[in-house]
Number of protein chains: 2
Amino acid sequence: MKRIVIVGGGFAGVYAAQALERRLGRREDVELLLFSRENYFVFQPMLPEVISGTIGLLDVVSPLRRLLRQTHVHVREIESIDVANHTITVAPGFKPHANVMAYDHLVLAPGTVTDFRGLPGLPEHALPFKNLADALELRSRVIRALEEADVESHDATLRRQLLTFVVAGGGFSGVEVVAELNDFVRDVARSYRRIDPKEIRVVLVHGQDRILPEVSPKLGTFAQRILRQRGIELVLQRRLVAATGESASLSDGTTIATKTLVSTIPSSPHPLIDALALPKTKNGRIVVDSALRVQGHENLWALGDCASVPAQDGAACPPTAQHATRQGALMGENIAAALDGRPLRGFDFKGLGKMGSLGRRNAVAEIFGLKISGFLAWFLWRTIYLAKLPGWGRRIKVATSWTLDLVLSPELVDLRISAGGGVMHEHFEPGQDVFAEGDLGDRVYILLSGRAEVVREPRGAAVGAPGGQVVAKVVAILGPGECFGEMALLGNAPRNATVRCLDPMTVLSIPKRDFGLLAANVPGLRKSFEEVNARRVLSSH
Amino acid sequence: MKRIVIVGGGFAGVYAAQALERRLGRREDVELLLFSRENYFVFQPMLPEVISGTIGLLDVVSPLRRLLRQTHVHVREIESIDVANHTITVAPGFKPHANVMAYDHLVLAPGTVTDFRGLPGLPEHALPFKNLADALELRSRVIRALEEADVESHDATLRRQLLTFVVAGGGFSGVEVVAELNDFVRDVARSYRRIDPKEIRVVLVHGQDRILPEVSPKLGTFAQRILRQRGIELVLQRRLVAATGESASLSDGTTIATKTLVSTIPSSPHPLIDALALPKTKNGRIVVDSALRVQGHENLWALGDCASVPAQDGAACPPTAQHATRQGALMGENIAAALDGRPLRGFDFKGLGKMGSLGRRNAVAEIFGLKISGFLAWFLWRTIYLAKLPGWGRRIKVATSWTLDLVLSPELVDLRISAGGGVMHEHFEPGQDVFAEGDLGDRVYILLSGRAEVVREPRGAAVGAPGGQVVAKVVAILGPGECFGEMALLGNAPRNATVRCLDPMTVLSIPKRDFGLLAANVPGLRKSFEEVNARRVLSSH
């Protein structure tokens with residue numbers, strides 16, 4: 001019995017599994033397994049349409065089990081791979097026990113990840129745009145920002161943050177996201193009585209001097225003109241370098257006040273691939289031969305975005321779906337050949353072209369050397385991707401949704417899908433308030449790095465008192481290891497001081513509910529906080 | 001300027017707001033406000049269809065802003081109401097400050113809540129079925145259970161828990177949920193290679209001797225026969241009294257092993273209504289006169305499920321959508337009359353009948369005195385509710401989905417919508433393991449009430465050793481205030497003992513990630529746990 005294990009449920013993994021099913025599915029001596037973090041395959045090209053709900057939320061994804069009838073699909077993460085001993089360690093599910101499994105052939109196709117490490121505040125405050133959960137979360141945040149802006153009609157600063165939407169990365173992915181986001185926000189904002197369309201800012205930040213580096217300058221310039229016409233601001237030659245809950249910091253030192261920040265860059269190797277000691281390119285892709293096999297490993301294969309596959313001209317294949325699907329087909333052929341001892345075939349696909357949607361019946365495309373833009377490109381985009389969508393059921397549903405979208409308004413329901421809310425890190429930049437005097441206490445903080453000042457208004461100072469400006473008093477400077485914000489929770493009173501960031505800082509932020517549950521039951525925790533509190537009250541007199 | 005505030009975005013609140021818009025929307029001296037926790041209105045009768053994804057996930061809800069063009073919709077919770085001073089306190093949004101707002105007329109329509117307090121383990125382990133998030137969460141849990149059962153093919157106990165689905169409450173709501181759940185599970189299970197349809201159990205628990213007490217015995221018996229034919233087990237004359245993460249406990253002392261438990265009962269007053277000192281019925285509904293006004297309060301009105309409205313025959317109106325919508329229409333009329341000093345009109349609607357879907361082209365209905373069951377009732381159900389759905393756009397979408405559903409398979413994508421995962425309470429019943437020796441450590445626990453024993457296998461005891469049973473050794477008894485499970489996390493090793501519940505107990509459960517973040521930064525917390533750990537290691541030698 002030969003066990004073939006595929007890691008990854010994207011284009012590469014699914015097409016490889018389908019090809020293997022076609023060639024080996026009926027063989028009694030072969031077992032096919034596919035591991036995926038989600039139970040569905042995401043049709044990436046249509047993912048941005050989830051933001052506006054143009055197509056049904058579930059139509060952009062396909063259940064893996066429906067696509068793969070002869071493969072054992074395991075919705076589990078892989079914790080580690082041992083290529084020397086031909087085993088993988090599978091993460092636990094409901095039962096907390098690890099599971100080591102041997103394989104005869106291993107196919108690596110986990111793709112890449114958006115890795116915000118090294119960019120302060122991005123892991124906590126920026127959204128990636130890779131899978132369905134990301135798209136739903138973005139949609140939810142946008143609607144929530146509009147709802148809040150509609151209610152908070154008097155706070156101009158907050159409104160500016162709420163009504164500014166920033167996307168970083170001007171490649172195909174970032175451009176499609178910003179175009180869809182812009183269409184959606186401007187369309188639904190009309191349903192909000194207290195939001196003026198002129199208040200809305202949608203910003204695309206891109207490091208180079210023009211967007212869409214994947215296509216010719218002419219098409220890139222065309223795309224820029226279209227995006228600007230629709231009201232999108234292009235911020236070029238600047239990169240996103242840091243983020244807080246209230247702003248995005250760019251490489252030239254400027255900041256953009258926003259509560260909704262998406263970053264489609266940087267694309268990094270999957271942690272599983274990162275941990276493997278195999279020959280790799282300098283951007284971390286596994287080097288394979290043109291038959292998709294890893295050098296020196298008879299039973300180790302890789303394809304898709306995680307692999308560097310040599311194309312006919314010697315350069316590496318670009319990380320696109322059209323290459324991944326064709327590598328998948330070849331994978332099926334070559335593994336079947338390897339099992340039978342037949343010779344392997346090399347990869348020889350040149351690429352058909354490139355397409356990117358700009359939303360609202362507009363797109364750019366380079367196909368078979370032709371450069372197309374506008375409605376025709378958009379029509380091609382829709383037709384080709386509809387045909388590529390797996391399964392007739394889904395094609396019918398998407399075509400129906402697209403038809404209904406011509407007459408119906410976009411959805412504006414907030415599903416409130418949010419992973420956040422628990423114990424988490426938060427990042428602050430100098431000058432920013434963690435909280436302000438008089439706020440309700442909803443979180444407790446522990447300073448991990450950086451510095452903050454505790455500021456208090458003088459007692460008896462009335463807001464807008466005659467005689468000019470009231471100078472606030474700095475009552476303490478906080479450094480790493482110190483906690484703050486606990487007074488409002490222990491005493492259930494409003495914040496009695498403002499905490500303002502001095503040096504860029506990271507804090508551990510604990511929600512009131514979690515802190516309450518813990519403080520009531522862990523004697524040491526409550527004592528720690530009470531000691532700090534006592535010291536502080538003492539020193540402030 | 002008169003400010004009319006409506007609390008609640010269900011049938012009662014929305015229909016009242018629409019009626020007020022019709023009568024007062026153009027008046028410059030009237031301001032309409034509606035407060036709702038979600039930004040959408042849920043069309044409750046179709047909510048069970050979200051489980052199977054028969055209709056699009058968003059089609060069962062309507063954005064409030066689209067329904068109410070002249071009302072200021074605030075997606076905020078109300079924290080408290082002061083009927084003496086005519087003010088409400090609005091919960092904070094992004095900015096943590098409370099907001100007190102005066103009103104001229106207050107319309108109470110928050111509905112009821114499913115309140116699991118007093119039922120051990122239900123708040124943590126049972127799912128209500130009230131809003132869209134509940135339906136999506138249930139859908140997600142069902143799919144996750146199937147995925148896990150497919151992978152965990154060797155653990156019979158776990159498989160039994162995973163493949164058993166329990167619904168408590170045999171009224172319309174519970175019956176519609178169990179019928180839809182059963183259809184969905186049995187349909188999609190065919191896509192799982194290692195699940196035998198015979199392993200699936202779907203159970204309906206109901207306290208009385210027959211389900212659907214709302215309709216005649218004949219229709220109730222018909223519904224029972226249909227549900228049983230479809231493979232649903234009916235457990236009658238028993239109530240759900242407690243729950244753990246692995247089982248449901250019934251009033252006769254028996255338990256059902258399950259990981260998926262839904263309870264549509266008990267229905268309790270909304271906390272906001274509960275906190276008001278107003279005349280109420282014994283089940284907590286506010287007593288209003290037939291004009292929907294609260295006795296002794298000129299500007300306080302209530303309708304829908306939170307109110308006890310006298311019908312023509314003197315009895316209180318039942319809590320149904322048909323009554324709520326008609327009370328809403330009257331509310332608009334009466335508040336307009338009150339503003340102008342005209343006399344108020346009384347409520348005089350008798351009710352048209354009752355309908356409940358049994359899934360798969362079957363239903364029961366009592367309309368205008370006629371008792372109908374089977375396909376005709378189901379056809380009526382669909383036709384009437386489709387017509388009642390707010391807005392043409394949604395009607396088209398739902399009709400399209402229903403049509404496509406005739407030819408396409410149900411969706412089986414797990415969106416992984418889950419609120420859980422943070423610091424939480426968990427409930428255990430005697431005999432149940434919190435964790436077992438050898439498990440990976442994923443959580444730390446603090447015992448709040450009840451008792452547990454710490455059990456260890458003797459060293460060197462091989463599993464299945466010859467010579468019969470190996471007796472495990474009880475090494476400690478744990479009581480309230482003690483923490484356990486920290487060794488595996490501090491040392492990152494597998495659990496070195498089993499912790500088993502002796503008396504019903506509640507524990508505070510802290511996930512590894514949260515505990516790690518906290519322990520690394522709060523000196524007192526780590527010390528507390530290390531002290532306990534040292535004591536325990538000492539005493540075990």
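The dialogue below discusses how two chains meet, and how charged side chains pair, in a predicted model.

Visitor: Where should one begin with the two chains, and how is chain A related to chain B?

Guide: One begins by laying one copy on the other. Here, a turn of 180° with a shift of 0.0 Å along the axis places chain A on chain B, with an RMSD of 0.1 Å. That is the relation of a two-fold axis.

Visitor: Which surface does each copy use to meet the other?

Guide: The copies meet through the same surface, because 100% of the interface residues of chain A are also interface residues in chain B. Chain A gives 84 residues to the contact, and chain B gives 84 residues.

Visitor: How much area do chain A and chain B bury between them?

Guide: The two chains bury about 7400 Å² between them, and 59% of this area is on carbon and sulfur atoms.

Visitor: What is the general idea behind a salt bridge?

Guide: Side chains of opposite charge can pair when their charged atoms come close. In the present model, the count over all chains comes to 48 salt bridges, and 10 salt bridges are found across the interface of chain A and chain B. One of the salt bridges joins A:Arg65 to B:Asp150, with 3.2 Å between the closest N and O atoms. Between the two chains there are also 18 residue pairs in polar contact.

Visitor: Which element supplies the largest share of the side of chain A that touches chain B?

Guide: That element is helix 5 of chain A, residues 132-151, which supplies nine residues. By class, this side of chain A holds 40 nonpolar, 16 polar and 28 charged residues.

Visitor: How should one read a salt bridge that crosses between chains, such as the pair A:Glu152 and B:Arg76?

Guide: One reads the distance, then the location, then the exposure. The side chains of A:Glu152 and B:Arg76 meet at 3.3 Å, N to O. A:Glu152 lies in the loop between helix 5 and helix 6 of chain A, while B:Arg76 lies in the loop between strand 5 and strand 6 of chain B. Both A:Glu152 and B:Arg76 are buried.

Visitor: What does a salt bridge within one chain, such as A:Arg23 with A:Glu333, tie together?

Guide: This salt bridge has an N to O distance of 3.9 Å. A:Arg23 is in helix 1 of chain A and A:Glu333 is in helix 10 of chain A, so the pair ties together parts that are 310 residues apart in sequence. A:Arg23 counts as partly exposed, at 46% relative accessibility.

Visitor: Are B:Asp442 and B:Arg495, another such pair, buried or partly exposed?

Guide: B:Asp442 counts as partly exposed, at 39% relative accessibility, whereas B:Arg495 counts as buried, at 4%. Their closest N and O atoms are 3.8 Å apart in a salt bridge. The two residues are 53 residues apart and link distant parts of the chain, each lying in a loop of chain B.

Visitor: Which residues of chain A are linked in a network of salt bridges?

Guide: The network links A:Arg27, A:Asp29, A:Asp340 and A:Arg342.

Visitor: How does one describe the surroundings of a single residue, and what is A:Ala519 in contact with?

Guide: One sets aside the neighbours within four places in sequence; A:Ala519 is then in contact with A:Leu525 and A:Arg526. A:Ala519 belongs to helix 14 of chain A and counts as buried, at 6% relative accessibility. The C-alpha atoms of A:Ala519 and A:Phe529 are separated by 9.0 Å, the two residues being 10 residues apart along the chain.

Terms used: Residues numbered from 1 in each chain as written. Chains lettered and ligands numbered in written order. Predicted model: local features only at pLDDT ≥ 70, side-chain atom pairs only at ≥ 80, totals over all residues. Heavy atoms only, no water. Contact = heavy atoms within 4.5 Å. Buried area = accessible area lost by both parts, 1.4 Å probe. Salt bridge = Lys/Arg side-chain N within 4 Å of Asp/Glu carboxyl O. Polar contact = N/O pair within 3.5 Å; in protein donor to acceptor, adjacent residues only side chain to side chain. Helix = DSSP H or I, 4+ residues; strand = E, 2+ residues; numbered from the N terminus. Nonpolar A, V, L, I, M, F, W, Y, C, P; charged D, E, K, R; others polar. Buried < 20%, exposed > 50% of the residue type's maximum accessible area, 1.4 Å probe, protein only. Least-squares fit on C-alpha atoms with pLDDT ≥ 70 in both.
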